[in-house]
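Open the model in your viewer and keep the selection tool at hand. We will go from stop to stop, picking residues and saying what is there.

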Amino acid sequence: MIESFGDSAPRPRISVVTSVFNNSTEIRSAVESVLSQRGVNIEFIVVDGGSTDGTLVILESYGKRIHKLISGPDLGIYDGLNRGIGLATGDYVGFLHSDDLFADEQTLQRLFARVSKLDCSEWPAAVYGDLVYVEKHNPDRIVRYWKSGLFSLRKLRNGWMPPHPSLYVRRDVMLQTGLFDITMRIAADYKFILQLFRQPLRFEYVAGVVVKMRTGGASNRSLKAILQKTREDYQALRAANIAPLRALLIKNISKIPQFFSHRG
């Protein structure tokens, strides 16, 4: 069970935001994954985009176990995430998408193990880990292992990024960096990461899987979506003054080993 969200609970406080629209099939498993986290102080925020398929009924059944729940029409997932950030009061903010899962019940405890021992003045701007893509209907079957590794500006210019669902950013840093660009449909997270990691801040990598992401998400469900993501990635790189063609080429080539690294 997650710790109650209050002043006496362990630090840092972690706001987990989920944005959902019409996902009654998988929202329950995502919620249970958050509620199962142990040894951490979580504020759980769910932003529903006005679902009509029973998703909201499922969410409301959890009562106060979901600390903040709002529902109403929005402009897409990034608008929903922005609304969630606006509701967050934790020290760090991260996201669990409605069809994803944490790796296990100790995931966030491991991710914040070192940070929790530091004085708040020493907390890094962000902590992040790894991610695995899993089969949509069998989350125990790994398709691809996305190992983040340590950050460097050189790697960033070569298309590197940590998996967005594994990234937890200090709320004050997130607000200073700026929220997600809702004019983008797929790559607003990449644009945000480029803006964040180009700042002279301290980032901490914790090796290990944070999130299981089901295949078939918005960025890879069709050729049209892949082309849209490529266009938006190009725009994000240009906005960050990074040579886009080189970065995109290396970024895509670097994904190939991820399909084999999990196999023994």
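Start by selecting W146, W160, M161, S254 and Q258: of the 14 residues that line the second largest pocket, these lie nearest its centre. Among the elements, β7 (138–146) and α9 (244–253) are those that give two or more residues to this lining. A pocket here is an open set of points on a 1 Å grid over the protein atoms alone, where a 1.4 Å probe fits, with protein on both sides within 12 Å along at least five of seven lines; lining residues have an atom within 4 Å of a point. Helices (H or I, at least four residues) and strands (E, at least two) are DSSP runs, numbered from the N terminus.

Before you go on, note that this is a predicted model, in which local features need pLDDT of at least 70 and side-chain atom pairs count only at pLDDT 80 or more, while totals for chains, interfaces and linings use all residues. Residues are numbered from 1 along each chain as its sequence is written, and side-chain values use heavy atoms, with hydrogens and water left out.

Now colour the lining by class. How many nonpolar, polar and charged residues does the lining of the second largest pocket have? There are four nonpolar, five polar and five charged residues. In this scheme Ala, Val, Leu, Ile, Met, Phe, Trp, Tyr, Cys and Pro count as nonpolar, Asp, Glu, Lys and Arg as charged, and the others, Gly among them, as polar. The volume of this pocket is about 250 Å³, meaning the space filled by probe spheres set on grid points that are joined across faces, edges and corners.

Stay with Q258, which sits in the segment after α9. Q258 has a relative accessible area of 10% and is therefore buried; buried means under 20% relative accessible area, exposed over 50%, and partly exposed in between (1.4 Å probe, protein chains only). Show its surroundings: apart from neighbours within four places in sequence, Q258 is in contact (heavy atoms within 4.5 Å) with R144, Y145 and W146.

**The aromatic cluster**

Next, select Y128, F151, W160, F197, F203 and Y205, which form one aromatic cluster. The whole structure has 14 aromatic pairs. Rings of Phe, Tyr and Trp (its six-membered ring) pair if their centres lie within 6.5 Å; planes under 30 degrees apart count as stacked, over 60 as edge-to-face and the rest as tilted.

Zoom in on F151 and F203: their ring centres are 5.4 Å apart and their planes stand at 75°, so this pair is edge-to-face. F151 is in the loop between β7 and α5 (153–157) and F203 in strand β9, so far along the chain that 52 residues separate them. F151 is partly exposed at 24% relative accessible area, whereas F203 is buried at 14%.

Then turn to W160 and F197, another edge-to-face pair, at 5.5 Å centre to centre with 80° between the planes. Here the loop between α5 and β8 (168–170) supplies W160 and helix α7 (residues 188–197) supplies F197, 37 residues apart. Both W160 and F197 are buried.

Follow F197 into its helix. Nine of the ten residues of α7 are buried, so this helix is largely enclosed by the rest of the structure. Among the buried ones are Y190, F192, L196 and F197.

**Salt bridges**

For the next stop, select R214, E26 and K136, which are linked in a network of salt bridges. A salt bridge is a side-chain nitrogen of Lys or Arg within 4 Å of a carboxyl oxygen of Asp or Glu, and the structure holds 15 of them.

Within this network, R214 and E26 meet at 3.9 Å, N to O. R214 is in strand β9 (residues 203–214) and E26 in the loop between β1 and α1, so their pairing ties together parts 188 residues apart in sequence. R214 is buried at 9% relative accessibility, and E26 is buried at 7%.Two further bridges lie inside helices. In α8 (residues 223–239), D233 and K229 are four residues apart, about one helical turn, with their closest N and O atoms at 2.8 Å. Both of these residues are buried. In α3 (residues 77–87), D79 and R83 are also four residues apart, and their closest N and O atoms are 3.4 Å apart. D79 counts as buried at 10% relative accessibility, while R83 counts as partly exposed at 35%.

**Last stop: helix α1**

Finish with α1 (residues 27–35), where I27, A30, V31, S33, V34 and L35 are buried. What covers these buried residues? The covering elements include β1 (13–20), β2 (41–48), α2 (55–60) and β5 (101–102).
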